[in-house]
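Take a look at the chain below. We will follow its cysteines and then its nonpolar cores.

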Amino acid sequence: MVTLLMDNFTRAFGCSLSNHFYPVLQRAIGVGSAFEGWSPCAEGALYHVLVPLSAPAGHAFHLEPDTGAKVPRRNFRVRVELECTCVREQLGDTSMLCFLHHSKEELSRKQQPSLLDSLCTGPYLDVEKTACWLYRLVRSYWSLLPQSYHGHLMLLPSSRSCKMQLSKGKESFVVEVLFGVRQGDSDIYVSGQPTEAHFVLSTTWCETYAVAEANFFRHVARRAPQDSWHCKCLQFLTCMSMGTGFSTYALKTVVMHLLNTRPPSQWSGRDFLKRLVDIVEYLRCSLDKKRLDHFVIGNQRLPGEMKLPPDLQRVEPPNLFQHLACDPDAHREVVQVYIRLRHQ
């Protein structure tokens, strides 16, 4: 239903914005636990979708790395540049004027503003302005969609994404629409996803590996037998660890590493306890070493069908437990959480 909803939104926006120069919305990609098959919450589930943005006609996107950022969260800016479209006019296409070679007066009379004049701060695409624009679209077109006759929409506050709660009777779920720009033809995007940092510039776009990770789970699902319990293993452990302060992403990373090294045939229901022990032991070793390698960055053993930018494969994998190596008190606290989890 979430996928159908986003498809309907994308079609509606595409038809209405054909004469404007806003980012072009591509088909949404389901990411996160709900789409990967291991969501720990059955009720009130949160569905994340990433909507890729491409440049409108007469514009181009160029990613500029923030050299001050550190992996595993690399930051970028999306520079918007105008491109000459005079060739289209010479071929008889009068649907748009070239932003570079027509006067501002003529452009303002005959054409909608460029993306630089609508959703940018300086030459850079602005995350917060883009989120506000997406909110306005959702609010305007909700009543025109088939789903609008079957439920209630409530928009939730978020400055760097578009979050909405959909309700029907006693059922309710939340959809968070993230938007991003793809790096080449890879599975890596820069996204406006919310960040834990206290202050982030509105022109800062964070590198996200959510699509690559979701594609990895789809790759595993295609190879796994029908009775595979790999998602149940992760779901079980994340449910057990909820409220303990233990990172769900760390558990997910451990499971992804094991899924990438153990044959799919070893994840059946009869192997459930064995795989749980494997996961917990891998976690123990990582805590002992105070090191847990990022699954995507610098991983030379990823399936060939997963597409990464070359520079992302060549770097050393970041240590997700680096903070534990630097803070003995935090390490002792996490070890105690692990002991309780293992006991349970």
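The paragraphs below start with sulfur and move on to the packed interior.

Keep in mind that this is a predicted model. Begin with the cysteines. A disulfide is a covalent bond between the sulfur atoms of two cysteines. How many disulfides does the structure hold? It holds zero. C86 is in no disulfide, and its nearest cysteine sulfur, that of C84, is 3.6 Å away. A disulfide needs the two sulfur atoms within 2.5 Å. C120 is unpaired too, because its sulfur is 14 Å from the closest cysteine sulfur, in C132, and that is too far for a bond. C120 is also buried, with a relative accessible area of 6%.

Now turn to the nonpolar side chains. In soluble globular proteins, such side chains tend to be buried together. Here, the largest nonpolar core has 40 residues. Which of them touch the most other members? They are F246, I279 and L283. Five helices give two or more residues each to this core: α6 (210–223), α7 (230–241), α8 (248–259), α9 (272–289) and α12 (328–343). The largest share, seven residues, comes from α8. Where does this core lie with respect to domain 1 and domain 2? It lies between them, because domain 1 (1–209) and domain 2 (224–343) both give residues to it.

Zoom in on I279. Leaving aside residues up to four places away in sequence, I279 touches C233, L237, V254, V255, L258 and W267.

Apart from this core lies another. That other core has 39 residues, among them V80, L134, L137 and L153.

Conventions. Residues numbered from 1 in each chain as written. Predicted model: local features only at pLDDT ≥ 70, side-chain atom pairs only at ≥ 80, totals over all residues. Heavy atoms only, no water. Buried < 20%, exposed > 50% of the residue type's maximum accessible area, 1.4 Å probe, protein only. Core = buried A, V, L, I, M, F, W, Y, C linked by side-chain atoms within 4.5 Å. Helix = DSSP H or I, 4+ residues; strand = E, 2+ residues; numbered from the N terminus. Domains from an automatic or database assignment. Contact = heavy atoms within 4.5 Å.
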